[in-house]
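Good morning, colleagues, and thank you for coming. Please take a moment to look at the sequence and the structure on the screen before we go through them together.

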Amino acid sequence: MAANGTVTPQQLEEAKAKFKEDGWAVIPNVIDAEKTKEVLDRLWKAKEESERRGDPTRLEWLDPNESNVRVFYLMELDPIFRELIQHPVAIEMVQSALGKNFLVSNFTANIARPGSKSMGLHSDLSLQCPDPWLSTWGLNVIWCLTDIYYENGATLYIPGSHHWKTRADVPPDEEAKKMLVPFEAKAGSIVVMDGRLWHTSGCNITKDVDRALLFGAYNAPFLRGQVNWAVGLSEETKATLSPQLREWLGVNRDGNLGVVTGVNDVFVEDPNYCMPVGNQEEGSVLRAVPADGSTLWVKSGQRMDSVTFTPIPIPLSLAASLQWGWPGELARQLNGAGRSSTILNLNTALLRAG
């Protein structure tokens, strides 16, 4: 494992705090100079192998000219990239943002050679799911294999843009371009970037300096990744993967069942939370009294067009059109509409009407 840098626990905690506040953080010295050079050398060999296999290393619809070099499916081309995608520092940053469960969405390289131009402004999350973008559902761990700075084409980003929730929040291109600033970092560093942060590649205006970056993309487990690793990796490569990496790549048999947590307690009966109030006739009102003394009124019937929560300690309201069903199903519907799962532990309180 390529864990031979000098990152301290304090640096990690500071990086997590900065990422949470600003949507990005730089962590220096994640890998040392020798390892960085080895990865860069093997990246150029991976480029050659990719071309030999018939995979393009430039996308005409994306890259302005041939000075932009891209290498896809890195983990298929060299085991060193399978090391980096699960580097302990990277994984700790990923899990601090996405939680314990996540998926590896992609792992690619972008080399900006002298004369390379900028691509279009975007956020990675905006390319992966529709708005509104409400949380950190994805992030990039950017490996700096060379120093990065404005002149050699460092990634440019708009500070604070990870707070933009819809496309309407994004200013026109000319205005947005004036807001761009470069990431700056030394070779061997990583830049951790929120998937909501709007950015673009810079122009390499140097005469003879390459800018080489690896982009490890990770996302929450409910999002489909950019690459289908079940097909993107050969059977030979998949045979080398640890059980944990197989899980992160989504190539195990099981998919999303039981992976996304936070609502599962609606399936658990809690006799201490609510007390049942008996059956009600069709079209009547059902009243539940949770243990905290709050009151829930539910209009029953074939459809429930108005549901109102009015707990005494924490006022909440919900209007939804819900299909009537057994108590557990009602709780799931309510929970899916955004109610707290701790409030909606209703299995013992709500009984089927009729």
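Where in the protein is Arg196 found? Arg196 sits in the loop that runs between S7 and S8. I should say at once that this is a predicted model, and I shall return to its confidence values towards the end.

Is Arg196 buried or exposed? Arg196 is buried, because its relative accessible area is 12% and the cut-off for a buried residue is under 20%. Setting aside neighbours within four places in sequence, Arg196 is in contact with Ser123, Leu125, Trp133, Leu134, Ser135, Thr136, Ser161 and His162. Its C-alpha atom is separated by 7.6 Å from that of Gly138, although the two residues are 58 apart along the chain.

Let me now place that loop in the wider protein. The protein has 354 residues, and 49% of them are buried. It contains 11 helices and 15 strands. Of the contacts with a separation of 6 or more, 74% are between residues 24 or more positions apart.

We turn next to S7 itself, the strand that covers residues 190–194. How many of its residues are buried? The count is 5 of 5, so S7 is mostly covered. In a regular strand, the side chains alternate between the two faces of the sheet. In S7, Ile190, Val192 and Asp194 point one way, while Val191 and Met193 point the other way, and all are buried.

S7 has two partners to mention here. Strand S1, residues 24–27, is joined to S7 by 4 bridges, and the two run antiparallel. Within that pairing, Trp24 stands opposite Met193. Strand S4, residues 138–144, also pairs with S7 in the antiparallel sense, over 5 bridges. There the bridge partner of Asn140 is Met193. Met193 therefore faces Trp24 in one pairing and Asn140 in the other, and Met193 is itself buried.

On the far side of the Arg196 loop we reach S8. Which strands make up the open sheet that contains S8? The sheet has 3 strands in the order S6-S5-S8, with antiparallel pairing. Its edge strands are S6, residues 181–182, and S8, each of which pairs on one side only. Strand S5, residues 156–157, is joined to S8 by 2 bridges, and Leu156 stands opposite Thr200 in S8.

Thr155 lies in the loop between S4 and S5. Thr155 is buried, because its relative accessible area is 4%, against a cut-off of under 20%. Leaving out neighbours within four places in sequence, its contacts are Val181, Pro182, Phe183, His199, Thr200, Gly202, Leu213 and Phe215.

A brief word on one helix. In H5, residues 88–98, the buried residues include Val89, Ala90, Ile91, Met93, Val94 and Leu98. Just after H5, Gly99 takes a positive phi of about 95°.

I come now to the pockets. Rolling a probe the size of a water molecule over the atoms shows where empty space is left. The largest pocket has a volume of about 680 Å³. It is lined by 25 residues, and those nearest its centre are Leu62, Arg70, Met119, Asp124 and Gln226. Which element gives the most to this lining? It is S3, with 4 residues. By class, the lining of the largest pocket has 9 nonpolar, 12 polar and 4 charged residues.

The second largest pocket has a volume of about 550 Å³. Of its 26 lining residues, the closest to its centre are Leu103, Pro221, Glu247, Leu249 and Gly250. S3, H8 and H10 each give two or more residues to this lining, and H10 gives the most, with 4. Here the classes are 12 nonpolar, 10 polar and 4 charged.

Finally, confidence. The average pLDDT is 79, and 71% of the residues score at least 70. Over residues 266–335 pLDDT stays under 50, and the model has 149 contacts beyond four places in sequence for that stretch. Residues 337–354 likewise stay under 50, with 72 such contacts. Where pLDDT is low, the predicted coordinates should not be read in detail. Thank you for your attention.

Note on methods
Residues numbered from 1 in each chain as written. Predicted model: local features only at pLDDT ≥ 70, side-chain atom pairs only at ≥ 80, totals over all residues. Heavy atoms only, no water. 1 Å grid on protein atoms, 1.4 Å probe; cavity = no way out; pocket = protein on both sides within 12 Å on 5 of 7 lines; lining within 4 Å. Points joined across faces, edges and corners; volume = space filled by probe spheres on them. Nonpolar A, V, L, I, M, F, W, Y, C, P; charged D, E, K, R; others polar. pLDDT = per-residue confidence, 0-100. Contact = heavy atoms within 4.5 Å. Pairing = 2+ DSSP bridges. Buried < 20%, exposed > 50% of the residue type's maximum accessible area, 1.4 Å probe, protein only.
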